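Here is a walk through one model, with a few stops along the way. Have the sequence and the 3D view open as you read.

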Amino acid sequence: MGNADLVFPASSGTGKVEGVRHAAVPPPQPSLKSLKSKVKETFFPDDPFRQFKNRPASQKLVLGLQYFFPILEWAPRYKFSDFKSDLVSGITIASLAIPQGISYAKLANLPPILGLYSSFVPPLVYAMMGSSKDLAVGTVAVASLLIASMLGKEVSPVENPSLYLHLAFTATFFAGLFQAALGFLRLGFIVDFLSHATIVGFMAGAATVVCLQQLKGMLGLQHFTSATDIVSVMRSVFSQTHQWRWESAVLGCGFLFFLLLTRFFSKRRPKLFWISAAAPLTSVILGSVLVYLTHAEKHGVQVVGYLKKGLNPPSADLLVFTSPYMMTALKTGIITGVIALAEGIAVGRSFAMFKNYHIDGNKEMIAFGMMNMAGSCTSCYLTTGPFSRSAVNFNAGCKTAVSNIVMATAVMITLLFLTPLFHYTPLVVLSSIIIAAMLGLIDYEAALHLWKIDKVDFCVCIGAYAGVVFGSVEIGLVIAVSISMLRLLLFVARPRTFVLGNIPDSTIYRSKDQYPAANNVPGILILQIDAPIYFANASYLRERISRWIVEEEDRLKVSGETSLQYVILDMSAVASIDTSGISMLEEVKKNIDRVGLKLALANPGSDVMKKLERAKFIEHIGQEWIFLTVGEAVKACNFMLHTCKPGSTDTSNMV
């Protein structure tokens, strides 16, 4: 009969059939072409080479440069009106970047000046290579905490600050190398394994840990635990009650209240966003003036101290590529690099949706990787696109990545001329700035939303949060990813199967669970398999189909309805199948034949049909038993029920 659709001609008397259509095997394709198509869909779903087709070599060169350096594409069209908006945005985010940079560097147990260095070179690199108009580049609290936690286990930042600093630069280099490699190799989908629920729980847990760590600065403690779990932190805090400084506590709570109050006003009136954006720098200025006038540093209030003037010194010769510490830097770089990528790309995509433009995830990875590699060679540590700074940039009305250039310029001026002004900045103010920023990352509304929508996602979220808060940042990440992977494996290994029924007065067949009014078809059991069939779920599906058949036969015996004669498998949701899946279908057919029933397939996809034909399963079952739709299969089975003896497989009356 070949690959053509088979049609049952109209039959006289009962069991009249207008015509039944069968599924066809797609025309064969060369294996190399099929493999090329699959590789293209896996690694190049956005078809980045489309723009190079039928172009002369000179244009291809220009397009290639524009692909890796998007600034070459939009810079010729740049307008002065755009610059006015970018200038305001850049100055605004610079006022936030300076105090945050100093704060996060202290959180990473690095010299405060590195926070300013990290807001100079990386934003310039991103402005040339990044595709987001709204992302504001800088250091982030979670990555800073990870660096402090992971490197601090191997090298003490107090006892050996030089080696610790070198490892931080090396970890940043490896993070950038890993990020750029993911982008060049088109492996961005790896980051997608960090689900939304994972990120919500992980970020909230990390924010909680960061806030707890700031109790050292808020209470003016000299010695503090290097552990990040809540038990160790609370033990460290309450075992030193005799060393608490009320001056630091009052100053810190006052500035924290001021920062939260300005954020509240900015949320109530979005046009006043600049109040919240300027609040951190205002706090630094007020705190420094207050300490200078009252000489509070002599009364237990710790200050930043001397900050060296000048631009970023080179640090390429400080990278550590020898044992025994290289593996520590490599592990730290990969983990922090993945977290930074997930946050930066998620933030960039969020703001791109608001302005209705597209950013390329793989290009963003290359941009992040190159800016971190460049940063590691210019005394910077890990940077990405933090949400708080990018939100300020967006609200300030930025038009392009020039806002990052303006911010970097403002930081450069600060490094050249203004660093001595930060000498009297109290550490407690920096702690207040960090706590205020971190409270925004504890998104309890998102957790409640997960509980309402998907309880498993909520468990992933809580698992990540609890792991970070009660264990460590790494433990929380491992728990969250493990739960997500376990869920993925369960979905693959235990796919859902449904009994389909006929929607009254139609030829539509849907799940009886979803549509209780759907009617059973006498003598026919219709099952839908809701996932690809792989080695991981083949045994389960074989047993589940057998159980459906037994349960249906038991139900028919009790109700006295027509005995079961046909089993139809709806394959419309089976996107692919492997050899184990084909073996499973062969076993199912043997078992069904053994009990005198007949198996039919409905709507298998192109890839499935190809493999069934190569495995000779179509020849085994008979192509006349593979139908285009469930409705066609039911029509043919009803025809057989009314024209053949029960259980017969004789199809001579159908030709």
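Is Cys637 buried or exposed? Cys637 is buried, with a relative accessible area of 0%. Keep in mind that this is a predicted model.

## Cysteines

Cys459 makes a contrast to look at: with a relative accessible area of 45%, Cys459 counts as partly exposed. What about a bond for its sulfur? The closest cysteine sulfur belongs to Cys461 and sits 9.8 Å from that of Cys459, which is too far for a bond.

A disulfide is a covalent bond between the sulfur atoms of two cysteines. With the cut-off for a sulfur pair set at within 2.5 Å, the count comes to 0 disulfides.

## The sheet and its order

Now to the strands. Six of them, or 6 strands to be exact, make up an open sheet that runs E2-E1-E3-E4-E5-E6, with mixed pairing. E2 and E6 (626-627) are the edge strands, each pairing on one side only. Helix H26 (residues 630-643) packs on this sheet and touches E1, E2, E3, E4, E5 (598-602) and E6. The direction of H26 makes about 170° with that of E4.

Strands of a sheet pair through backbone hydrogen bonds, either parallel or antiparallel. Both kinds turn up around E3: the pairing with E1 (residues 497-502) is antiparallel, over 3 bridges, while the pairing with E4 (residues 566-570) is parallel, over 5 bridges.

## Strand E3

How many of the residues of E3 are buried? The strand spans residues 524-529, and 6 of its 6 residues are buried, so E3 is mostly covered by the under 20% cut-off. Covering applies to both faces: Ile524, Ile526 and Gln528 are buried on one side, and Leu525, Leu527 and Ile529 are buried on the other. In a regular strand the side chains alternate between the two faces of the sheet.

Some bridge partners help you trace the register. Towards E4, Ile524 has Tyr566 as its bridge partner, and Leu527 has Leu569. Towards E1, Ile529 is the bridge partner of Thr497. There is also a crossover here: E3, helix H22 (residues 538-559) and E4 together make a right-handed β-α-β unit.

## Strand E1 and its hairpin

E1 is mostly covered as well, with 6 of its 6 residues buried. On one side the buried residues are Thr497, Val499 and Gly501, and on the other they are Phe498, Leu500 and Asn502.

E1 pairs with E2 (residues 509-511) in the antiparallel sense, over 3 bridges. Asn502 of this pair stands opposite Tyr509 in E2. The hairpin of E1 and E2 has 6 residues between the strands, and in it Asp505 takes a positive phi near 60°.

## A glycine in a loop

Where does Gly130 lie? Look in the loop between helix H6 (121-129) and helix H7 (141-152). Gly130 is buried, with a relative accessible area of 4%.

What does Gly130 touch, once its neighbours within four places in sequence are left aside? Its contacts are Pro70, Glu364 and Ala367. As for Leu194, that residue and Gly130 are 64 residues apart in sequence, and their C-alpha atoms are 22 Å apart in space.

Note on methods:
Residues numbered from 1 in each chain as written. Predicted model: local features only at pLDDT ≥ 70, side-chain atom pairs only at ≥ 80, totals over all residues. Heavy atoms only, no water. Buried < 20%, exposed > 50% of the residue type's maximum accessible area, 1.4 Å probe, protein only. Helix = DSSP H or I, 4+ residues; strand = E, 2+ residues; numbered from the N terminus. Pairing = 2+ DSSP bridges. Right-handed = clockwise from strand over helix to strand, strands pointing away. Contact = heavy atoms within 4.5 Å. Axes fitted to C-alpha atoms, helices over the stretch in contact; angles between N-to-C directions.
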